[in-house]
Amino acid sequence: MINLLIDGEDYRLQYRRSVEDPEGFWAGVASGFHWHRPWDKVLEWNFEKPQVRWFEGGQTNLCYNALDRHALSHGDRIALIWEPNEENEEARRWTYWELKEAVVRTAGILNDLGVQAGDRVCLYMPMVPELLWTVLACARLGAVHSVVFGGFSARSLADRIADAGAAYVVCAEQIRRGPKVLPCRAVVEEALSLLDNEQENPVRKVVVQGRPHHKEPLCSFAHTECLDWEDLWHSTLSRPEPRWMNAEDPLFILYTSGSTGKPKGVLHSTGGYMVYTAYSFAQVFRTRPGDVFWCTADIGWITGHSYLVYGPLLQGATVVMFEGIPTHPDPSRFWKICQRHRVTHFYTAPTAIRALMVYGDAPVQSVDLSSLQVLGSVGEPINEEAWLWYHRVVGGERCPVTDTWWQTETGGILIGALAGLSALKPTFAGLPLPGVQPVLLDPSGRELVSTDPPTEQEGLLAMRFPWPSILRSTWGDHERCRNTYFSPFPGYYFTGDGARRDAEGMYRIIGRVDDVINVSGHRLGTAEIENALNLHPMVVESAVVGYDHSIKGQGIYAYVILRTALKDSDQETEDRLCRELSETVVREIGAIARPDRIQLVEGLPKTRSGKIMRRFLRKIASGDTAQMGDTTTLLDPTILESILVGRKG
């Protein structure tokens, strides 16, 4: 386990050392893990190429460090508590020894199927234990896992399978989400059909979990074999030992939306990700043996990867995994789970907090939350009202609230309040962790240097130095990685976020500066949604922007131009068409991308060169129309008037 920080003074000393001697600092952190072979060189980096390599020459296995070493030293400690979707079903528990055995057996299934180191395995599953087992089993074998959130459509799943070149898919029969039972295997079958039709199907074998009561035959494809998890579970005799991987070998691919239509496959490597996720988990949450850590995120997102699976288990913590949603069967479900399992550390998204605030204080106060010690926030900047309610009602004003900022691309938390040490300031994420060197840039790329005396400054958030879990590339397209993150400001990793730094050096994240919308903590590219809308046969063009949403943080507002205008009086036809447009987006991307508002327009505000001026559309969507600003660059300024008249919401 990584030693925790002692006090605030220790933070300042460690931070200074991490900047003055980064290689010595991170070598000291990495020495707390098991390495089959020590590294030859701590760090080699160049942001121009870009190329970052940590612990070059070292060999390790992330699954061994997360499970085997704990099973040997404290195998009877509870590692995993799984809370099922239905409240009347009994929760299940695994010790570190039992969890290791389940993962080894799962690795045996994959090994028998022919999975080799470097093979890509796509996982499309609900929040069931088998998902966590399979993630760790891939790490044990050196296979590259690519988890796709169970809410994505068949088209989105197919695109990710094809891009990763996944030869294996592990899925479930169905997904239970609150009162709903959603298809899972059927979505995979549809995705494979799409790939077969496009002659881009790399999948050789599909494993389906959770179908003991289903009698119908499994999917049948020309080049893809479909198998039942239960049959394989009972028949496998393989018990693979960990495969020792080079520190820079790929660990996983996780797809995230960008400002262009095609999602990016963010690639993380083994050694650096292992070191940083464990380190950041230890420093931010400061758990100790016996603590129970619950991250409510789905493993389909980076938060679930880093702070449900890898970070806590690398530190030997007890983790809670929940299959359901916070309001099923009633809005006290989250808090009942905290009480039932004596949760000490609770990590969730502002979207969930705001959604539960609607029900008032009573659901929280109906249970005993005295076990809680630390509250965490992740996914988007938390607004002050939600922060105060979280601290006062859920935490009883005794639990520090650690807001955290990071990205899929960063692998772990870069800026956040250190529980019990950092000053608490609502809406501010906090200070950079040791080893993290953020800067604020002006639009020309010049660093905003702290003044004397320090004053509040605002700029573009970038990093001047690599940390161990920085992304290594975008899968199959390194040039896209360079253009997206390193070309905008040469010599820096550009986060795509704007930020404010106060006089004490604390950071507040303002939001995205590119065409990416943060919906309930999930990044969605506007181009991806526009591409989906444009598939409808009646659509000529569309433009999508985000706007402030009281629950989601940001909502999706779509402006759509039709091939043939509808009659003004035909409201019923318009409503039906908007429903069709909405369902088109759901079919192509998934329910998380469903537009909140769709406005049919005659035109879009464009410059003479044809560029859509989205700042006007954002103002209209948000209702901030008193001062539209300079419209002289528009080809037809009068188009704004017609859009204003038809504004939704």
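Begin the tour in strand β26 by selecting G498, which is the bridge partner of L460. The model on your screen is a predicted one, and this is worth keeping in mind at every stop.

Widen the selection to β24 and strand β26 (residues 493-501), and you will find the two paired in the antiparallel sense over six bridges. They belong to an open sheet of four strands, with the order β23-β24-β26-β27 and antiparallel pairing. At the edges stand β23 and β27 (507-512), each with a single partner strand, so one side of each is left without a neighbour in the sheet. If you look along the strands, neighbouring ones are turned by 45° against each other on average, when direction is ignored.

Next, select E456, which sits in the loop between β23 (438-441) and β24 (457-463). E456 counts as partly exposed because its relative accessibility is 47%. Leaving aside residues up to four places away in sequence, E456 touches F428, R500, R501, D502 and A503. To place this loop within the chain, show A30 as well: the C-alpha atoms of E456 and A30 are separated by 35 Å, and the two residues lie 426 residues apart along the chain.

Now move to the open sheet of nine strands, which has mixed pairing and follows the order β5-β4-β17-β16-β18-β19-β20-β21-β22. Here the edge strands are β5 (92-95) and β22 (431-432), and since each has a single partner strand, one side of each is left without a neighbour in the sheet. Within this sheet, select strand β19 (residues 374-377) and strand β20 (residues 401-405), which run parallel and are joined by three bridges. One pair to display is S377 with D403, its bridge partner in β20.

Keep those strands visible and add α9, which lies across β16 (292-295), β18 (345-348), β19 and β20, and runs at about 150° to β20.

The next selection is the largest nonpolar core, which has 112 residues; L99, L132, W133, L136, I299, Y310 and L313 touch the most other members. Helix α9 (residues 270-285) gives the most to this core, contributing ten residues. Centre the view on L313, whose contacts, not counting residues up to four places away in sequence, are A66, L67, H70, A79, Y96, L99, L136 and V319. A second, separate core of 48 residues can be shown in another colour, and its members include F149, A158, I556 and L562.

From L99, turn to helix α4 (residues 96-113), where L99 is among the buried residues, together with others including Y96, K100, V103 and L110. The length of this helix can be checked in the viewer: at 1.5 Å a residue its 18 residues should span 26 Å, and the end C-alpha atoms are indeed 26 Å apart, so the two values agree. Just past the helix comes G114, whose phi is positive, near 105°.

Finish with the cysteines, bearing in mind that the structure holds zero disulfides. Select C63, which counts as buried because its relative accessible area is 0%. The closest cysteine sulfur to that of C63 is in C138, and because it is 10 Å away, it is too far for a bond. C184 is likewise in no disulfide, with the nearest cysteine sulfur, that of C171, 5.2 Å away. C184 also counts as buried, because its relative accessibility is 0%.

Definitions and conventions. Residues are numbered from 1 along each chain as its sequence is written. This is a predicted model: local features need pLDDT of at least 70, side-chain atom pairs count only at pLDDT 80 or more; totals for chains, interfaces and linings use all residues. Side-chain values use heavy atoms; hydrogens and water are left out. The expected span of a helix is 1.5 Å times one less than its number of residues. Buried means under 20% relative accessible area, exposed over 50%, partly exposed in between (1.4 Å probe, protein chains only). A nonpolar core is a set of buried Ala, Val, Leu, Ile, Met, Phe, Trp, Tyr and Cys residues joined through side-chain atoms within 4.5 Å. Contact means heavy atoms within 4.5 Å. A disulfide is a pair of cysteine sulfur atoms within 2.5 Å. Two strands pair if DSSP finds at least two bridges between them. Axes are lines fitted to C-alpha atoms, for helices over the stretch in contact, and angles run from 0 to 180 degrees between N-to-C directions.
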